[in-house]
Amino acid sequence: MEKFIITGGNRLNGEINISGAKNAAVAIIPAVVLSDDVCTIENIPDIKDVRLMAEILREMGASVEKLDSSTLRIDPTTIKSPVAPAELATGMRASYYLLGALLGKFNRAEVAMPGGCCFGVRPIDQHLKGFSALGATHEITDAIIKVKADKLAGAHVYLDVVSVGATMNLMLAAVKAEGQTIIENSAKEPHIVDLANFLNSMGADIRGAGTDVIKIRGVKHLGGTVYSIIPDQIEAGTYMAAVAGAGGDVLIKNVIPKHLESITAKLREMGVTVTEYDEAVRVQNDGRLNKCNIKTMPHPGFPTDMQPQITAILTMANGTSIINESVWDSRFRYIDELARMGAQISVDGRLAIVEGIDHLKGAPVKAVDLRAGAAMIIAGLIATGTTVIEDIKHIDRGYEHVVEKLSAVGADIKRVQYPDNTMSNAV
Ligand code: EPZ
């Protein structure tokens with residue numbers, strides 16, 4: 001087992017390079033299944049979820065070759081069966097993209113119910129409603145979802161909730177369907193646009209991605225491509241929050257500043273200086289943060305995937321902040337961990353009231369999910385004393401080289417094996 005040990009209090013100075021976007025990569029890799037030729041994908045983050053998705057494709061018969069640390073060459077033409085290996089698919093949420101991709105390719109798919117972070121109920125009714133509009137039927141037996149269609153035909157689909165996963169899955173299923181599909185009330189996240197751009201680079205005809213109406217004209221054939229994934233908005237936002245909380249001056253490189261606007265706006269409200277460049281943002285702070293209220297919303301609103309990290313820095317702000325989580329039912333499980341470090345937070349349903357205190361104190365804590373784990377890292381960086389984070393497997397699902405990136409800007413963070421002498425001395 002591995003843990004992170006962080007000694008807090010260091011200011012952060014220097015540069016951090018942002019990796020490719022996890023939530024784009026985990027959709028684009030399964031999307032390769034739709035191609036009749038080899039695809040090369042660049043700027044792939046080296047994280048657990050990506051390695052798992054690549055392994056799933058390999059198990060299904062694809063050839064997946066790592067050309068360098070961030071480039072995969074995938075030949076999907078040797079995949080002959082639309083059945084995903086259940087034991088691997090349950091390991092991640094995004095395995096549900098195989099439903100849309102395999103359905104689009106073979107008119108049939110069998111994928112185990114997805115795993116991933118636990119934020120309460122995570123339904124996939126909108127995905128299934130969309131598949132059904134395209135002409136597919138589904139059944140769920142023994143936690144395996146089976147979808148099939150005699151033929152997929154374009155349809156008009158109105159999503160009842162704005163769902164990233166349902167929007168992407170429908171794009172995947174509709175891209176080779178006969179005729180036009182219109183997805184209304186679609187999600188607008190940057191990774192939706194990235195998936196559409198990737199599919200278009202293979203020969204698809206998708207318009208409107210990034211707005212709330214996406215139009216897809218089915219094509220008969222999708223070919224090979226070389227495509228580079230967008231930078232990770234949430235990884236960048238996480239480091240922006242870390243610098244804002246710990247203080248310092250860091251240039252965060254390989255980002256699309258437009259994707260970070262809601263995060264930038266909130267950090268500025270807290271008194272942080274954020275300067276935007278073409279492909280970088282510079283974050284500077286040397287004072288106590290102002291209190292700030294946050295409401296998470298689908299893009300372009302404030303991302304729910306940044307909610308825990310922002311809450312972590314507001315624990316030491318000047319005044320009381322209100323956090324309203326409007327996307328997920330239950331995304332405050334990490335608050336108990338912050339409380340172990342002295343944070344004064346009360347939770348009432350989807351609201352958290354964060355009373356700013358002078359300092360957090362290092363403690364043994366757990367990463368209860370991916371972004372909760374990122375929040376614990378930030379809390380450890382801004383606390384006095386030593387924080388030990390357990391269950392870092394969640395963090396490794398989504399952050400590439402987090403220890404190396406933070407150490408390079410002056411953080412005191414180590415990954416240790418447990419049991420380990422360093423550990424018993426540290427706690
Ligand atoms: C994606 O999850 C991300 N995961 C999540 O990021 C992110 O929190 C979420 O979008 C919202 O931005 C990936 O991209 C792999 P949704 P997804 O469908 O697609 C409800 C991270 O930390 N809903 O947009 O599963 C649902 O309950 C991860 O990187 C339905 O009701 O989220 C939720 O309240 C964690 N029916 C809301 O919609 C459905 O069929 C948004 O969910 C689907 C969703």
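A residue is near the ligand if one of its heavy atoms lies within 4 Å of it. The exercises below use a predicted model.

**Exercise 1. The ligand surroundings**

Determine how many residues surround the ligand, and which are the closest.

Solution.
- Step 1. Applying the 4 Å cut-off gives 24 residues that surround the ligand.
- Step 2. The closest are Ser 163, Val 164, Asp 305, Val 327 and Arg 371.

**Exercise 2. Polar contacts of the ligand**

Find which atoms of Gln 126, Ser 163 and Arg 371 lie by an oxygen atom of the ligand, and give each distance.

Solution.
- Step 1. For Gln 126 the atom is a backbone N or O, 2.8 Å from a ligand oxygen.
- Step 2. Ser 163 uses a polar side-chain atom, at 2.6 Å from an oxygen atom of the ligand.
- Step 3. Arg 371 has a side-chain N or O atom 2.7 Å from an oxygen atom of the ligand.
- Step 4. The cut-off for a polar contact is 3.5 Å between N or O atoms.

**Exercise 3. Helices H8 and H12**

Classify the relative direction of H8 and H12, and describe their contact.

Solution.
- Step 1. The axes of H8 (residues 233–246) and H12 (residues 370–382) come within 9 Å and cross at roughly 20°.
- Step 2. Angles under 35 degrees count as roughly parallel, so H8 and H12 are roughly parallel to each other.
- Step 3. The crossing of H8 with H12 is right-handed.
- Step 4. On the H8 side, Ile 234, Thr 238, Ala 241, Ala 242, Gly 245 and Ala 246 take part; they meet Arg 371, Ala 374, Ile 378, Leu 381 and Ile 382 of H12.
- Step 5. Sorted by class, this contact holds eight nonpolar, two polar and one charged residues.

**Exercise 4. Helices H1 and H4**

Repeat the analysis for H1 and H4.

Solution.
- Step 1. H1 (residues 22–31) packs on H4 (residues 97–106) at about 25°, the axes being 9 Å apart.
- Step 2. H1 and H4 are therefore roughly parallel to each other.
- Step 3. H1 and H4 make a right-handed crossing.
- Step 4. Val 26, Ala 27, Pro 30 and Ala 31 of H1 touch Tyr 97, Leu 98 and Ala 101 of H4.
- Step 5. By class, the contact of H1 with H4 has seven nonpolar, no polar and no charged residues.

**Exercise 5. Asn 185**

Locate Asn 185 and list its contacts beyond four places in sequence.

Solution.
- Step 1. Asn 185 sits in the loop between strand E10 (180–184) and helix H7 (190–201).
- Step 2. Leaving aside neighbours within four places in sequence, Asn 185 contacts Tyr 158, Leu 159, Asp 160, Val 161, Val 162 and Asp 212.
- Step 3. The Asn 185 side chain reaches the backbone oxygen of Leu 159 at 2.8 Å.

Notes:
Residues are numbered from 1 along each chain as its sequence is written. This is a predicted model: local features need pLDDT of at least 70, side-chain atom pairs count only at pLDDT 80 or more; totals for chains, interfaces and linings use all residues. Side-chain values use heavy atoms; hydrogens and water are left out. Axes are lines fitted to C-alpha atoms, for helices over the stretch in contact, and angles run from 0 to 180 degrees between N-to-C directions. Helices (H or I, at least four residues) and strands (E, at least two) are DSSP runs, numbered from the N terminus. Angles under 35 degrees count as roughly parallel, over 145 as roughly antiparallel, 65 to 115 as roughly perpendicular and the rest as oblique. A crossing is left-handed if the near helix is turned anticlockwise from the far one by less than a right angle, and right-handed if clockwise. Contact means heavy atoms within 4.5 Å. Ala, Val, Leu, Ile, Met, Phe, Trp, Tyr, Cys and Pro count as nonpolar, Asp, Glu, Lys and Arg as charged, and the others, Gly among them, as polar. A polar contact is a pair of N or O atoms within 3.5 Å; within protein, one must be able to donate a hydrogen and the other to accept it, and residues adjacent in sequence count only if both atoms are side-chain atoms.
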